[in-house]
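User: I am learning to read protein models. Could you take me through the one shown below, feature by feature?

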2 protein chains.
Amino acid sequence: MLLEATLRASDHRMTRPRRVVWDVLNSTGRHLSAAEIVDAVHELDPGINSSSVYRTLGLFADLDLVRESRLTDEASTWEVAHPDDVIHLVCSLCGATTHHATDAVDALRTQLGAGSDFHAAGIDVRVTGTCSNCITRLHD
Amino acid sequence: MLLEATLRASDHRMTRPRRVVWDVLNSTGRHLSAAEIVDAVHELDPGINSSSVYRTLGLFADLDLVRESRLTDEASTWEVAHPDDVIHLVCSLCGATTHHATDAVDALRTQLGAGSDFHAAGIDVRVTGTCSNCITRLHD
DNA sequence: ATCCCTGCAAACTATTTGCACGGGA
DNA sequence: TCCCGTGCAAATAGTTTGCAGGGAT
């Protein structure tokens, strides 16, 4: 119901493409590229045009319902918005992205508030490296 | 001379496009989009093709001479490589990007090394917010 | 009944690639 | 001399936009 409420509150209509895109984003906890979202949407309803998916993602981003991340250098990915003390660990071998909660972000925010004259709104942390699966695989 | 040495060490030739792109990247401390780099290169030598600029940026990235950052959602930007405990503050009003040194990154790296089973290689921190200039401008 | 949102198709733009020549080693 | 890197032009791919009709309110 979060979706419908947010849409109504911002004078937008509840439509089928918007619901389907929302369902797709929520049914996988994963990060999805635009192309993956388009595919998943088509699986649920082949009639929905990809331009509608793009427009919907843009709208959701404006409403802070989803977040676009440039995790890799290849494509940007989308996911349901989450607090920004959840950071991203991106495995450069298998490409898997996991979330990791940390207080380092809060520490940084405090530090910025005190020391610099920059007012921080959002903090994005991306860690590239090797995930546990790939580490153990390398040991074979 | 860092450029020539690095190129030779990796069996690459020193050519005019490579030198010009390197000069452009070093003459501004700023973050430059690919388009800005192409323009600046053309100002120095209109004969250099943009595809060479792209190829050169790719090569420099492979050699860790420069770094591609997806700071904003619009375009990716390039800059001379720097240690990754230098984080980026991006002003969402004027778009200016500044650097900020912090130990929070080291703290995070330590935390990751101890707690999780993810081996961190690189850490990228992007802070969006309002820079001091824009803050004071808002107070008028 | 109104007009927002959609599907469709075309446009756009940034980046990549194939190829033959010229310049660096 | 050798062959890597270049300029050129065409191809590619992801995303955006104009338009007219249909659906949400």
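Analyst: We will go through domains, then the interface between chains, then the core. Keep in mind that this is a predicted model.

User: Where do the domains of chain A begin and end?

Analyst: A domain assignment splits a chain into residue ranges. For chain A, domain 1 covers 2-79 and domain 2 covers 83-139. Taken over C-alpha atoms, their centres are 24 Å apart.

User: How many residues of domain 1 of chain A are in contact with domain 2 of chain A?

Analyst: Begin with the residues on each side, then turn to the area. Seven residues of domain 1 of chain A are in contact with eight residues of domain 2 of chain A. The two domains bury about 620 Å² between them, and carbon and sulfur atoms give 47% of that area.

User: Which polar links join these two domains of chain A?

Analyst: Count the salt bridges and the polar contacts separately. There is one salt bridge between domain 1 and domain 2 of chain A. The polar contact rule finds five residue pairs across that interface. As an example of a salt bridge within chain A, A:Arg67 pairs with A:Asp124, with the closest N and O atoms 3.2 Å apart.

User: How many residues of chain A are in contact with chain B?

Analyst: The reading is done in the same order as for domains. Here 34 residues of chain A are in contact with 34 residues of chain B. About 2800 Å² is buried between the chains, 54% of it on carbon and sulfur atoms.

User: How many salt bridges are there between chain A and chain B?

Analyst: The count is two salt bridges. In one between A:Asp124 and B:Arg126, the N to O distance is 2.9 Å. A:Asp124 also takes part in the salt bridge with A:Arg67. The rule for polar contacts finds 14 residue pairs across the interface of chain A and chain B.

User: Which element gives the most to the side of chain A that touches chain B?

Analyst: Look at what each helix or strand supplies. S4, H5, S6 and helix H6 (132-138) of chain A each supply at least two residues of that side. S6(A) gives the most, with twelve residues.

User: Which residues touch the most other members of the largest nonpolar core?

Analyst: A core is read through its best-connected members. This one has 28 residues, and those touching the most other members are A:Leu108, A:Val125, A:Val127, B:Leu108, B:Val125 and B:Val127. Strand S4 (86-91), helix H5 (104-115) and strand S6 (119-130) of chain A, and the elements with these labels and ranges in chain B, each supply at least two residues of the core.

User: What is A:Leu108 in contact with, leaving aside its neighbours within four places in sequence?

Analyst: A:Leu108 is in contact with A:Ile123 in its own chain, and with B:Ile87, B:Thr102, B:Ala104, B:Val125 and B:Val127 in chain B.

How values were computed:
Residues numbered from 1 in each chain as written. Chains lettered and ligands numbered in written order. Predicted model: local features only at pLDDT ≥ 70, side-chain atom pairs only at ≥ 80, totals over all residues. Heavy atoms only, no water. Core = buried A, V, L, I, M, F, W, Y, C linked by side-chain atoms within 4.5 Å. Buried < 20%, exposed > 50% of the residue type's maximum accessible area, 1.4 Å probe, protein only. Helix = DSSP H or I, 4+ residues; strand = E, 2+ residues; numbered from the N terminus. Contact = heavy atoms within 4.5 Å. Domains from an automatic or database assignment. Buried area = accessible area lost by both parts, 1.4 Å probe. Salt bridge = Lys/Arg side-chain N within 4 Å of Asp/Glu carboxyl O. Polar contact = N/O pair within 3.5 Å; in protein donor to acceptor, adjacent residues only side chain to side chain.
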